[in-house]
Every structure is written in structure tokens, then in C-alpha cells.
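Thanks for making the time this morning; I would like to walk you through one model, going from its interior to its pocket and then to a few details of the backbone. Please keep the sequence and the structure in view while I talk.

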Amino acid sequence: MSFKIAIIGAGSVGFTKKLFTDILCVPEFKDIEFALTDVSEHNLGMIKAILDRIVEANNLPTKVTATTDRRKALEGARYIISCVRVGGLEAYADDIRIPLKYGIDQCVGDTICAGGILYGQRNIPVILDFCKDISEVAETGAKFLNYANPMAMNTWAAIEYGKVDTVGLCHGVQHGAEQIAEVLGAKSPGELDYVCSGINHQTWFIELRLNGRPIGKDELVAAFEAHPVYSKQEKLRIDVLKRFGVYSTESNGHLSEYLPWYRKRPDEITRWIDMSDWIHGETGGYLRYSTETRNWFETEYPQFLEAASKPIDPARRSNEHASHILEALETNRVYRGHFNVKNNGVIVNLPQDAIIESPGFVDRFGINMAAGITLPEACAATCMASINVQRMSVHAAIAGDIDLLKLAVLHDPLVGAVSTPEEVWQMVDEMVVAQAAWLPQYADAVPAAKERLSKSKVKTREWAGAARRSVRSIEELRAEKAALKQAG
């Protein structure tokens, strides 16, 4: 069979390579075309050279093209995959640093909270541009697979306003399941069966079975507390498990941002996080990690090319959903996964318009969600708080309504636990002014925001964060890695 896949943001070298090799693990897909597009011609050149090497090494007829002309890449595409980061690290730094001045301590800042909301404001106009192009030049009925955060907001905008067949994809569920399988002593992934449902980055393992035997809260708590690593790295997550009765898919650092209880005071933050790796709660951890390793693919490029010369091993196919969804749609081999779609009754105690993440099955008829799921009340309440913020954020981004944007940030659980309304109003003005280049819908609001900032008497805290590391260069990281290797 032959069809075309377009990847937007293909300059994300490592992730694009993973998606590409996953898809080519499906025997029927050897004749397809990949159209790569990105704003960086340099990165496009690098990833195309890697993918061309894979095609050559495996003697495949697969076609790979690359262009900075997005519309050209989308022409005739049946599937469009997005993994873009609008504004890059420059805008992302504002998502973390400006809120920190007002006492809002984020680890990642890409989902909700002040950083995630502004990230959505940058993404949504671009997502709608993608949808316009898909509607006009892609294959009729093309499917849009969104990997970009903030997942729920991007997917919400694409479905509700872009009017494109869209599914949001994440890997949090798979990672959480791997942890649970490990602590319970499962000998293979297939021994653990689970139902996981909620919203992206707040999805909950509401049913667990190990070899058919139900696993309850007490057994799971005991298993995590006995684990020599997770008991230290996932303290907040384990505490939520004890109180809610179910385990969250998200890392300690991610989950801490979506709740109003753990990151609102510096002394409390250090109680609940672990500094062994950024993902466990470090202040601005993902920004630091991304900044330090922003050019890692440049330094490792020779190794990438060398690895690309090896045969594709289907046994090493990853658990990213994209390739499995395409395989099910095209071959009718049924795939079960967790997908971000509009609720429409799938989860009975969440709003119909919300973007939920829940189990579904894929075959040639499409993605078919398992309906009639009821979340535990505490999980539903936590999800509701985020959904209300997401809805206001999407509406603000569509209308370019800075007042609604401020209300969305004000209603964020962590922001509300830390900041006053006056601080929120000033903070949003400051973020919109700083990121004006990526916020075309707020162009008319920027002059007034600048004027208000010039007259404001609200004092910022100039707080460095509860658990902050200094940023290192890629050269320092490589030297450290070499020293550790030499030390054995």
C-alpha cells in the first residue's frame, strides 16, 4: 500500500527518527512517503540525511522529502503528525522565569499553570493554520495526530475550531504502567492489565489486574514504598495515591504543578521532590534540561548516522501510539491504546466538551472509545479544575481576549494557591508583552499592557525557586559524562 505522512516539526531529530522507524516496522508500509517540514532548514537537512540512510541501509522503496514549505509537505497527506514547540526555548524561558517572580514555581510548565496556559496561547493560532492547510490541500478525511503540548488545549482547538479529524497522543500512560509493573514484580508487560482514564497528564489507573488478580490501593502503596528508587523519586505521587486511592500517570514533577497543595511554599516543595533528575520536581527542571541539551543531536550526529546504517529491528518498535494507530487503520489489525479525544460521554462525570484521555480500540473503522467510564470523585474534581482552565484558555486564544486569559490564569489551581489577583493581572501583562512576537491575536492588547506595567505598583518577589540548578553547556555535560565513564 502507498500513502503520504507529513511530519510538522520534523526538526525534532530524535523523536522524528523514532516515529519513522516505528512506522517502517509495519511490513505493509515500505512503499509510503514521508514529507518532513520544519521552520529550521538546518535541522531538516540533518534529519533527512538520517532517514535517507535508514532507507538505504534497509533497501526500502520509501520516499523521504523535506521542505520548509509546510503547505507543500501537507499536499495529499493522509496522516499529519505534529510535534512542534512554538516560540522555542526563548518563549519557554518566559513561561518559567516570569511566573517565578510572582512565586509560581513550575517544574515543566507545558500543560496548565501560568506557563502551560501561555504555551497554549502561542500554539493555538499555529494549530489552526495547520488545520486550514490540512482542510485545503491534504487528502480528504486526513487524520491529524497531535503530539505537541499543551495536549488538551491544542487538541481542543483543532477539533472545535479547526474542524479536522484529530487525536492527541502522549506516552504518560505507558510510562506509568511500566512503573506499576515493575513494583508489582511483573515478569513481562502483558501480565499487567489496566484501565486508565482522565485528562492528559491527569490520567488515573482506576483498575489494575496482575495476571487477572485485582490490585488494590494498599498493595500498590506498599509496593511503591518498598521500591528503593521510586519511594524517593515519587514521594508526592505516592502521597496522592494514598489519599485518592489510585495512581497518577504523571511524574512527580508534572503532577505537582496541577495540584494546589504541594508547590505553594518553598519549604513544602523541597519535602516532596527529588533532585536526582529534573522530572521529579526540580524548579524549571525541563527548561534547564532542554537548554543544556538543545544541541545534543549536533554533537551526537555521527553516532546517529552510524546507527541509521543498521537494519530496522521490529522487536525494538517503541510504544508510541502513532505507528500502531496507522497500522490498525490501514491493515485492520486491532490496536488498544489511550487517546486524547473530545469526551462526548466517554467519561460520564466529566464535561462533554472536554478533551479526555481514555482507552480506545483502533481498526479500519477508526478510533472507537470505551464509553461509560466513571472516575473516582477526587480524580474527577481535580480534572474538572484543569478542564475549566483549559476551556477558558482556548476561548481566550481564539478571541485574543486578554481579560479572559487573565481569568484563566487566575483560576489555575497552583496559581490561585500562590498569587493574588493583582499579581496575576500584572504577570499576564508581563508575559504577553514578552511573548508578543508569538501572540498575534493579542497585538491590539500589547500597548495597553505596556502602559499598565509602566504604572504598576505590584512588587515581584524575585524568587529564584525552591530547588534550582545552574544551567550547564553541552560541552560541560559531555565532559562530565566522559569523566564518569572513565571512573567506571
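The largest nonpolar core has 100 residues, and among these Ile5, Phe34, Leu36, Ile50, Ile81, Phe339 and Leu350 touch the most other members. By a nonpolar core I mean a set of buried Ala, Val, Leu, Ile, Met, Phe, Trp, Tyr and Cys residues joined through side-chain atoms within 4.5 Å, where buried stands for under 20% relative accessible area, exposed for over 50%, and partly exposed for what lies in between, with a 1.4 Å probe and protein chains only. Helix H17, residues 377–399, gives the largest share of this core, 8 residues; helices (H or I, at least four residues) and strands (E, at least two) are DSSP runs, numbered from the N terminus. A second, separate core of 21 residues includes Ala181, Val183, Val221 and Phe224.

I should say that this is a predicted model, in which local features need pLDDT of at least 70 and side-chain atom pairs count only at pLDDT 80 or more, while totals for chains, interfaces and linings use all residues. Residues are numbered from 1 along each chain as its sequence is written, and side-chain values use heavy atoms, with hydrogens and water left out.

Let me turn to helix H1, residues 13–23, where threonine 21 is placed. Threonine 21 counts as buried because its relative accessibility is 17%, and, leaving out residues up to four places away in sequence, it touches Ile54 and Ile312, contact meaning heavy atoms within 4.5 Å. A polar atom of the threonine 21 side chain also lies 3.1 Å from the backbone oxygen of lysine 18.

Alanine 93, in helix H4 (residues 88–101), is likewise buried, with a relative accessible area of 7%. Its C-alpha atom is separated by 8.8 Å from that of glycine 284, although the two residues are 191 residues apart along the chain.

Which residues lie closest to the centre of the second largest pocket? Of the 20 that line it, they are Gln174, Ala177, Pro189, Tyr194 and Asn319, and the volume of this pocket is about 510 Å³. H7 supplies the largest share of the lining, 5 residues, while helix H7 (172–183), strand E7 (192–199), helix H16 (321–331) and strand E11 (335–342) each supply at least two. On a 1 Å grid over the protein atoms alone, a pocket is an open set of points where a 1.4 Å probe fits, with protein on both sides within 12 Å along at least five of seven lines, and lining residues have an atom within 4 Å of a point; the volume is the space filled by probe spheres set on the points, which are joined across faces, edges and corners.

Finally, the backbone. Most residues other than glycine have a negative phi, and most peptide bonds are trans. Asparagine 149 and proline 150, however, are joined by a cis peptide bond, with omega about -5 degrees, and proline 150 lies in the loop between strand E5 (143–146) and helix H6 (151–160). Histidine 201, in the loop between E7 and strand E8 (202–210), has a positive phi near 70 degrees and is buried, at a relative accessible area of 3%. Asparagine 211, in the loop between E8 and strand E9 (213–214), has a positive phi near 55 degrees, but this residue is exposed, with a relative accessible area of 56%.

How values were computed. Polar contact = N/O pair within 3.5 Å; in protein donor to acceptor, adjacent residues only side chain to side chain.
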